[in-house]
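Reader: I should like to learn how contacts between chains and between domains are read. Please take me through an example.

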Amino acid sequence: MPELELSEQAEEALASVWSERETSGRGELAARELAGDEAARKELREAGLIAESSGMVSLTEAGEAEAAAIIRRERLAERLLTDVLGVGEGLMAEAACRFEHVLRRGIDDQVCTLLGHPRVCPHGSPIPPGACCRAGANAAGKVVSALADLAPGQTGVIAYIQGRRRDLVPRLLAMGAVPGTPVTLRQRFPSFVLDLGNGQVAVDAETARDIYVQLKAVPPAALRRPRWLARRFRLRRGQSKRER
Amino acid sequence: MTARALQLLRGIVTGRRGCGCEACPLAPALQTRTVTLFGSPNVGKSAIFNQLTGSYAVVSNYPGTTVEVTRGRARVGDVLLEVLDSPGAYSLAPFSEEEGVSQQLLLDDPPDLVLHVVEAKHLRRMLPLTLQLVEAEIPLALDVNIVDEAARAGLAVDVAALSRELRLPVVATAAATGLGIEQLRAVLAGPAPVPPGTSVAYPQAIEAAIAQIAALLRARYRISTRSLALLLLLRDAGARERVRAADPGALAEIERIVAEASAHYPQGVALPIAMARQEAADRVAGRVLRKTEKRIRPSLAETLGRLAVHPVAGLPILAGVIYLMYLVVGRLGAGVLVDLLDKRLFGHYVNPAVTAFFQRLLPWPLWSSLFVGDYGVITLGARYALAIVLPLVGAFFVVFAVLEDSGYLPRLALLVDRVFKRLGLSGRAVIPLVLGLGCDTMATLVTRVLETRRERVLATFLLALAIPCSAQLGVILGLLSSHPLGLLIWTGVVLTVFLVSGSLAAHLLPGEASRFYLEIPPLRTPLVRNVARKTYARLKWYAAEVIPLFLLVSVVIWLGELTHVFPLVLAALHPLVHALGLPSAAADSFLFGFIRRDYGAARLFEVLAGGGISGVSLVVATVTITLFVPCLAQFLVMQKERGLRTALAVTSVILPLAFGVGYVLNLILTASQVRI
């Protein structure tokens, strides 16, 4: 299938149907509530991405996939801007909008891998997973990673916590997992043990998947060592100190 | 009435006058002030409490030991301080049942002064709670504790600057060594104004909601309406309850505002609120924290702490800990102490003397048997309590206090978390379960530290079923010490029942598995004084709980004998006991077990140690009595903590299960003709 080249207007219109489902749970949107102008609607209709019946617009199967890709790019762009570039709330909406159009297919997977396959945008909405997430792709030079994907000895600072559970985030914050706090993973088994600020904390694997870390420097040794070895048998005390 | 009398009595003993009530003619002209210690778990609140009052609160190196509120008194000049030690709380909006107690203290019964205790090393992340307390507009002072450990970690806190920043009194202390306690006393007795400190600025949508909610709160509350509005935004149940009582009309409108504000944040308002507080805290922390020289070489404690959580090196350490427990409880407690107290003291001296005395005093066998008969209050009740059970439990409490104070328990929690997940529990549950090896009744109380009701019910069930208390453990180890194979079978069966029934229960009980996250405090050398005090406090609780029951049992049995009911009940139990292949004499140990687990165990010890019973029967009896019944005391606590329905359900599962396992075990062992 040739690459679809939708106009910005059309992409926005498509995304608005997706967002409607997320906020209200309804799978269709009244045609007049659709973002963008008449031309955008026509463009989507001709590309076979939307179906219209009695004034309501819904996504076709192809439209579904295209909308997911658009939303994914948009939210990844937001993640990239907050986590790596440190762009504040005020500027973000506009910047993300431009960025999103740059993240064409293929590049979005690279960015996603770089960011450790984030599952929610900075506002907490889910990011549709891509092929890279399902394959669990790992990049040597990634900048953000879930704690669960770190090797023992790797250091960084807490980037954010994504909490599907309402109560999890405040509790982890109270234990010191505050964004910006230095963190070093000590061991992965039987539980994840991390040096966090001036203290030490243990979490289970599920929780380790919810804590995202902005990596500072990746110790080359940690990458060369086979993962299973690194995972189980190294204590790695003092490694981070030498680096400092 | 009795409480008042006791208080007076205590006053006479300690030289303090007055009964504590206002307008008491005995009371000297003292100004009383209530002070509540508030703060996260494991920051040394209880240690501060001890230093201040000299009286005892259970202190430990584990988050979550203060389940009930402890009170004590201290006198500074003309001011009498009534000090309350609250359970650890991370936030004003509680996460768990025990944190709810701390919130309740502030919402309903605000003290004259709140002392927020924080750990110096973790100042940055503990300041948000200080800011919340400032927000609540209550008289407040800040205690930066454990400054010695922070200094070792290369961190100094500028107390004067912190005091200026927050505009409230701040004291630096190291409670374990007593550093700064005098200044703290002076601050607590000094003026206690409401700090005018700056409040946190939240994102616009939240600020707007706060203003709208605050405008609806007309009644007078103990904390500021801003603070209450924030709690309502976080959908805090405690705050809602207070508002429902005081401003019932406003609740519907408040709910609408909360829903509207929450719509801005798909992940909930908790995160932006927490982040705003943290930002404000970071600004303060940035101005008062200084880096100093840090020790580079890790200390022995640090190395040991790392090894204890290592998946490979941790196992021998765990084995060592279990062996230590066996040595102290099994060998020293069950072997040496019980032998000394039961056989020597009671067997040779007390019982003959007392028997002779009572037989002379009460020449009617009917009456003298109440005190010195087969089930006599002294010869049986007092002997079981003092000579068999107390030394065993006491020995266990010493070990447990050492483990708690050393900081080993959180490490154990992270080692077992994966296994416990299968049982629907998180690693956190090791604390009540290990304490259950001491006394299941006490442990059932401590299940409050678990976060979800599901987890608390599962832990309660496992405690009632498969965790032998130290009296049982001591007796069983004593009985089986000469049958190593029997001991192995007993361990295997009880462990299997624990794992299988635990994972079955986890499948049957609806709900999501609990997440595990826990602070790992540094390993610290337990202070002998703290261990002694803690053991003493627990034993005191235990003795108050146990001795009356033991004596009561003796009386009930005596009455039963008198009225010929007791033999009938025993006879009714015989078929059950025979079905397990046990002699009739074992029946009464089961009957006693209903009343106190340890009593049943002690009785079994006496019946079986007499000999004439096969190894197989010994194993079957010990397994059955381990699994069998939560005792009366435990049942009462279960009913109080979990509700009557849960308590009954747990009991009705356990009874047939215990006998079923015993029955099947007997069949298997007899059929396979093992010699034990």
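Reader: How many bridges join S8(A) to strand S9 of chain B, and which way do the strands run?

Author: Two strands pair if DSSP finds at least two bridges between them; strands (E, at least two residues) and helices (H or I, at least four) are DSSP runs, numbered from the N terminus. Here S8(A) and S9(B), residues 517–519, are antiparallel and joined by three bridges. Within S9(B), B:Glu519 is opposite A:Val201.

Reader: On what basis are these statements made?

Author: This is a predicted model, in which local features need pLDDT of at least 70 and side-chain atom pairs count only at pLDDT 80 or more, while totals for chains, interfaces and linings use all residues. Residues are numbered from 1 along each chain as its sequence is written, and chains are lettered from A and ligands numbered from 1 in the order in which they are written.

Reader: How many residues of chain A are in contact with chain B?

Author: Contact requires C-beta atoms, placed from the backbone, to lie within 7 Å. By that criterion, 35 residues of chain A meet 35 residues of chain B. On the chain A side, H7(A) provides the largest share, seven residues.

Reader: Which domains make up chain B?

Author: Domain bounds come from an automatic or database domain assignment. Chain B comprises domain 1 (30–189), domain 2 (204–289) and domain 3 (314–516 + 524–671). The C-alpha centres of domains 1 and 2 of chain B are 24 Å apart. Between these two domains, 27 residues of domain 1 contact 20 of domain 2. H4(B) gives the most to the domain 1 side, with seven residues.
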